[in-house]
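Trainee: I'm new to this one and a bit lost. Could you pick a single part and take me through it closely, strand by strand?

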Amino acid sequence: TLEGYPISSFWGYKVDGIFTSWDQVNKSAQPSAQLGDFKIVDIDGDGQITTNDITCIGNPNPDFTYGFNFDAAFAGFDFAMAFQGVAGNDIFNNTRYYLDGGALGSNVSTRRLDVWSEDNSGSSEPTDASWFTTSEGYPSSAYIENGSYFRLKNVTLGYTIPEKIVNKAKVKNLRVYFQAQNVLTFTKYSGFDPEIGTNTALNWEGPEFGVDRGTYPQARSFVFGVNLGF
């Protein structure tokens with residue numbers, strides 16, 4: 001957190017695509033660059049990549065958060081929907097340390113089936129997986145993703161049995177309902193779930209905001225229920 005920047009900003013090296021030709025490699029400021037490597041931006045323009053090239057690469061603070069509800073009722077039926085979302089925030093997808101870098105012998109993402117090669121020049125995935133596990137490219141903007149999402153959080157459909165029917169069973173009111181939670185999520189984030197919250201357990205220097213270390217995704221659930229009144 002520095003004056004003039006958003007609180008809890010992400011800092012690291014800025015990636016500007018992938019080296020796709022030897023001409024780009026030879027003109028770069030990266031002495032060990034190879035085809036298929038990330039291109040690190042020489043921020044200070046001194047012709048070499050050093051810690052002076054570390055810059056602000058993302059902002060975990062959303063431009064705004066929002067939510068709205070819809071409720072309707074007719075002839076004993078009731079229907080409700082609840083939506084929520086955030087817009088304009090970045091997420092540091094630290095799961096790529098494992099899933100794209102294969103750190104600590106972990107399994108890897110299917111993204112690694114589409115790495116850059118001369119026969120697959122349209123890929124944005126670096127050829128060498130160590131870009132996600134070594135200091136040369138870590139941390140970098142390759143971990144930064146758009147964290148905006150729009151989620152249908154809750155849907156409820158209910159029906160209240162008419163009193164003239166339930167009163168015969170000495171019941172004042174009877175309502176049956178079906179409820180679904182975390183029904184749909186619209187997002188460009190590639191991690192498990194964009195709704196990651198704040199991490200206070202696994203961190204280096206205090207609580208982390210906007211860092212995804214494999215946060216368990218929100219479960220989708222379906223509930224049938226009955227409300228009884230006597």
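Mentor: Two strands pair if DSSP finds at least two bridges between them. Keep that in mind, and remember that this is a predicted model. Let's take the small sheet and then follow the chain into a loop beside it in sequence. Strand S7 covers residues 90-93, and strand S13 covers residues 211-212. These two run parallel and are joined by two bridges, so they count as a pair under the rule of at least two. You can find both bridges by residue: phenylalanine 92 is partnered with valine 211 in S13, while asparagine 93 has aspartate 212 as its bridge partner there.

Now look at the other partner of S7. Strand S8 pairs with S7 in the antiparallel sense, over three bridges. One place to look is isoleucine 91, whose bridge partner in S8 is glutamate 145. Put the pieces together and you get an open sheet of three strands, in the order S8-S7-S13, with mixed pairing. S8 and S13 are the edge strands, each pairing on one side only.

S8, residues 144-146, also gives us a way into the loop. Between helix H2 (96-99) and S8 runs a loop, and arginine 112 sits in that loop. You might wonder whether this arginine counts as buried or exposed. It counts as buried because its relative accessibility is 18%, and the cut-off for buried is under 20%.

What does arginine 112 meet there? Its side chain makes a polar contact of 3.2 Å with the side chain of glutamate 125. A polar atom of that same arginine 112 side chain also lies 2.8 Å from the backbone oxygen of threonine 127. Leaving out residues up to four places away in sequence, arginine 112 touches Leu99, Asp100, Glu125, Pro126, Thr127, Asp128 and Ala129.

For contrast, finish with a residue elsewhere. Valine 226 belongs to strand S14, residues 221-229, and it counts as exposed because its relative accessibility is 52%, with the cut-off for exposed set at over 50%. Together with Val176, Leu228 and Phe230, Val226 makes up a nonpolar surface patch of about 430 Å².

Methods
Residues numbered from 1 in each chain as written. Predicted model: local features only at pLDDT ≥ 70, side-chain atom pairs only at ≥ 80, totals over all residues. Heavy atoms only, no water. Helix = DSSP H or I, 4+ residues; strand = E, 2+ residues; numbered from the N terminus. Buried < 20%, exposed > 50% of the residue type's maximum accessible area, 1.4 Å probe, protein only. Polar contact = N/O pair within 3.5 Å; in protein donor to acceptor, adjacent residues only side chain to side chain. Contact = heavy atoms within 4.5 Å. Patch = residues over 30% accessible without salt bridge, like charges linked within 9 Å, V, L, I, M, F, W, Y side chains within 5 Å. Areas by Shrake-Rupley, 256 points an atom, 1.4 Å probe, with all protein chains shown as cover. Salt bridge = Lys/Arg side-chain N within 4 Å of Asp/Glu carboxyl O.
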